[in-house]
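This briefing is for a reader new to the structure. Please look over the sequence and the model before going on to the notes.

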Amino acid sequence: MTHPLLDILVQQQHSCPFHTPGHQRGRGMAAPLRALWGTALAQDLSEIPGLDNLAAPTGVLADLQAAIAAAAGSDRAWCLVNGATAGVLAALLATLEPKDVVLVGRNVHRSVISGLILTGAQPVYLGVAVNSLWGIPEPVSLATVVNAVAAYPTAKAVVLVSPTYEGLCSPLAAIAQHVHERGLTFIVDEAHGSHFAFHPRFPSTALAAGADLVIQSWHKTLGTLTQTAVLHLQGTRVTPERVSHAVTLVQTTSPSYWLLSALEAAAWQMVHQGYDIYDRLLQWVAAFESPLPRLERLDIPQDPLRLTLGTWPLGLTGADLEAQLQPDIIAELPSGRSLTFCVGLGTTAQMLRTLAERLRAIHQTHQPVQPLPPIAVPPLPAVSSPALSPRTTYFSQRQVVPLAAAIDHISAETIAPYPPGIPTIIAGEVITAAAVAELQQVQAMGGTIIGATDPQLNQITIVPPADN
């Protein structure tokens with residue numbers, strides 16, 4: 001694999017650019033941006049001759065997508081410059097029709113809910129367990145999928161996220177086999193697992209496990225720019241024509257060639273250097289020593305480059321510990337009882353040593369201390385169907401009411417507490433007293449509530465009864 005797109009961009013030398021973008025090869029850009037981005041502005045181009053068209057590629061971009069598919073192990077690949085969100089939306093639009101039943105992991109990204117609004121499909125949510133010691137959600141299990149498929153025989157697809165933010169993976173191969181035997185399409189949001197294909201010590205990729213559509217957010221773990229992602233297709237359950245059409249519905253018609261060339265370079269790097277890079281990183285992570293407990297699961301596949309450390313022994317939340325590490329050290333995800341670090345292509349052995357030294361110093365200053373108690377999260381139902389679909393909810397009337405008055409009404413918003421990060425209430429579901437109590441417990445522990453119009457949760461937005 002080479003860099004043909006990047007080569008073409010560098011070769012662009014025309015001196016009279018009467019075309020978009022409006023800064024015209026940097027000449028019209030504000031001085032601070034010219035100073036920051038320099039000569040790279042000359043390569044911020046539109047679909048001029050020789051650069052192909054991402055919406056209907058026949059030249060260098062078609063070749064790029066074929067090379068990415070070959071590198072990742074799919075039959076077809078679509079470059080995304082609107083982030084993995086565009087891939088999630090396109091996958092759902094290519095697969096589902098209004099009123100179709102779809103089995104959806106409870107811990108999916110909010111873009112899936114947006115996709116359900118666009119498609120009009122009817123979700124059935126698959127519950128996930130929460131580890132009370134760590135305060136983090138588990139991946140969706142095979143048993144949960146099997147039971148849901150049996151309970152909803154008309155379901156058309158299964159949508160899961162794997163790996164989770166902390167790098168924990170569902171048993172994708174077993175799930176794929178089961179859902180395919182029953183004729184369902186299997187969609188996996190593998191946003192945080194784009195690197196799995198490039199070293200054998202990583203968990204199996206969703207493609208290798210047999211998923212039909214896989215969304216990878218390449219910028220999260222590979223050497224590319226923010227917003228770059230890839231949508232993969234394999235097999236014949238979904239036609240490539242339908243996927244292409246869906247992608248054009250949700251992707252910009254003015255793709256950045258900076259972003260596309262970054263995808264190209266990242267693919268080249270993985271094909272030619274990925275194994276060696278990850279071999280080195282894996283050795284450094286294995287040697288990392290921390291005074292805090294480390295999330296290490298032997299019972300399920302886990303990404304070894306997601307370094308999740310328990311903060312509860314210090315009596316600190318993840319946010320509390322991160323505040324003490326800043327400004328030099330910034331983590332990926334602070335949670336109620338843990339802090340997750342992404343070990344990536346730019347991580348050095350010295351960075352890991354610095355982190356270990358800072359953790360030891362903080363640990364010493366907090367001894368002895370009263371640890372945080374385990375969190376008590378009521379078990380989620382293994383399978384649940386909302387009162388209204390996300391689409392119906394989105395277009396319904398809305399009413400803001402006090403939290404206590406919202407019980408037994410349909411929520412118009414999706415509300416998730418941190419910890420554990422799983423939506424306690426998804427738009428379209430009936431608000432229960434247990435759900436309200438859980439949210440209040442999280443608030444009392446100092447947790448954060450996201451998704452609510454009122455972040456203090458004194459009020460909540462509902463779908464008013466039909467007779468209002």
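Which residues form one aromatic cluster? They are Phe196, Phe202 and Tyr278. The model is a predicted one. The notes below cover its aromatic rings, its salt bridges, a buried arginine and one helix.

**Aromatic rings**

- The structure contains five aromatic pairs.
- One of the pairs is made by tryptophan 37 and tryptophan 258, whose ring centres are 5.8 Å apart, with 80° between the planes, an edge-to-face arrangement.
- This pair connects distant parts of the chain, since tryptophan 37 belongs to helix H2 (residues 31-37) and tryptophan 258 to helix H11 (residues 257-287), 221 residues apart.
- Tryptophan 37 counts as partly exposed because its relative accessibility is 38%.
- Tryptophan 258 also counts as partly exposed, because its relative accessibility is 24%.
- Tryptophan 134 and tryptophan 312 form an edge-to-face pair, at 4.8 Å centre to centre and 85° between the planes.
- Here too the pair links distant parts of the chain, 178 residues apart: tryptophan 134 is in the loop between strand E4 (130-131) and strand E5 (136-137), and tryptophan 312 is in the loop between E10 and helix H12 (318-325).
- Tryptophan 134 has 7% relative accessibility and therefore counts as buried.
- Tryptophan 312 has 11% relative accessibility and therefore counts as buried.
- A charge is also placed over a ring: the charged end of arginine 106 sits over tyrosine 125, 5.6 Å from the centre of the ring.

**Salt bridges**

- The count of salt bridges comes to six.
- One of them joins the side chains of lysine 156 and aspartate 100, with 3.3 Å from N to O.
- Lysine 156 is in the loop between helix H6 (142-151) and strand E6 (157-161), and aspartate 100 is in the loop between helix H4 (84-95) and strand E2 (101-105), so this salt bridge ties together parts 56 residues apart in sequence.
- Within this pair, lysine 156 is partly exposed at a relative accessible area of 29%, whereas aspartate 100 is buried at 16%.
- Another salt bridge is formed by the side chains of aspartate 212 and arginine 237, with an N to O distance of 3.2 Å.
- Aspartate 212 lies in the loop between helix H8 (206-209) and strand E8 (213-216), while arginine 237 lies in the loop between strand E9 (229-233) and helix H10 (240-250), so the pair ties together parts that are 25 residues apart in sequence.
- Aspartate 212 is buried, at a relative accessible area of 1%, and arginine 237 is partly exposed, at 42%.
- Aspartate 299 and arginine 297 also meet through their side chains in a salt bridge, at 2.8 Å from N to O.
- Aspartate 299 counts as exposed, with 55% relative accessibility, whereas arginine 297 counts as buried, with 19%.
- Glu138, Arg297 and Asp299 are joined into one network by salt bridges that share partners.

**Arginine 306**

- Arginine 306 is placed in strand E10, which spans residues 306-310.
- Arginine 306 is buried and has no salt bridge.
- The nearest side chain of opposite charge is that of aspartate 303, 4.7 Å away; a salt bridge needs the atoms to be within 4 Å.
- A polar atom of the arginine 306 side chain lies 2.6 Å from the backbone oxygen of tyrosine 165.
- The side chain of arginine 306 is also joined to the side chain of histidine 192 by a polar contact of 2.9 Å.
- Leaving aside residues up to four places away in sequence, arginine 306 touches Tyr165, Glu166, Gly167, His192, Thr221, Thr340, Phe341 and Cys342.

**Helix H7**

- Helix H7 covers residues 172-181, and its buried residues are Leu172, Ile175, Ala176, His178, Val179 and His180.
- These buried residues of H7 pack against H6, E6, strand E7 (185-189) and H8.
- Glycine 183, just after H7, takes a positive phi of about 80°.

Key: Residues are numbered from 1 along each chain as its sequence is written. This is a predicted model: local features need pLDDT of at least 70, side-chain atom pairs count only at pLDDT 80 or more; totals for chains, interfaces and linings use all residues. Side-chain values use heavy atoms; hydrogens and water are left out. Helices (H or I, at least four residues) and strands (E, at least two) are DSSP runs, numbered from the N terminus. Buried means under 20% relative accessible area, exposed over 50%, partly exposed in between (1.4 Å probe, protein chains only). Lys and Arg count as positive and Asp and Glu as negative; His and the chain ends are not counted. A polar contact is a pair of N or O atoms within 3.5 Å; within protein, one must be able to donate a hydrogen and the other to accept it, and residues adjacent in sequence count only if both atoms are side-chain atoms. Contact means heavy atoms within 4.5 Å. Rings of Phe, Tyr and Trp (its six-membered ring) pair if their centres lie within 6.5 Å; planes under 30 degrees apart count as stacked, over 60 as edge-to-face and the rest as tilted. A charge sits over a ring if NZ of Lys or CZ of Arg is within 6 Å of the ring centre and within 35 degrees of the ring normal.
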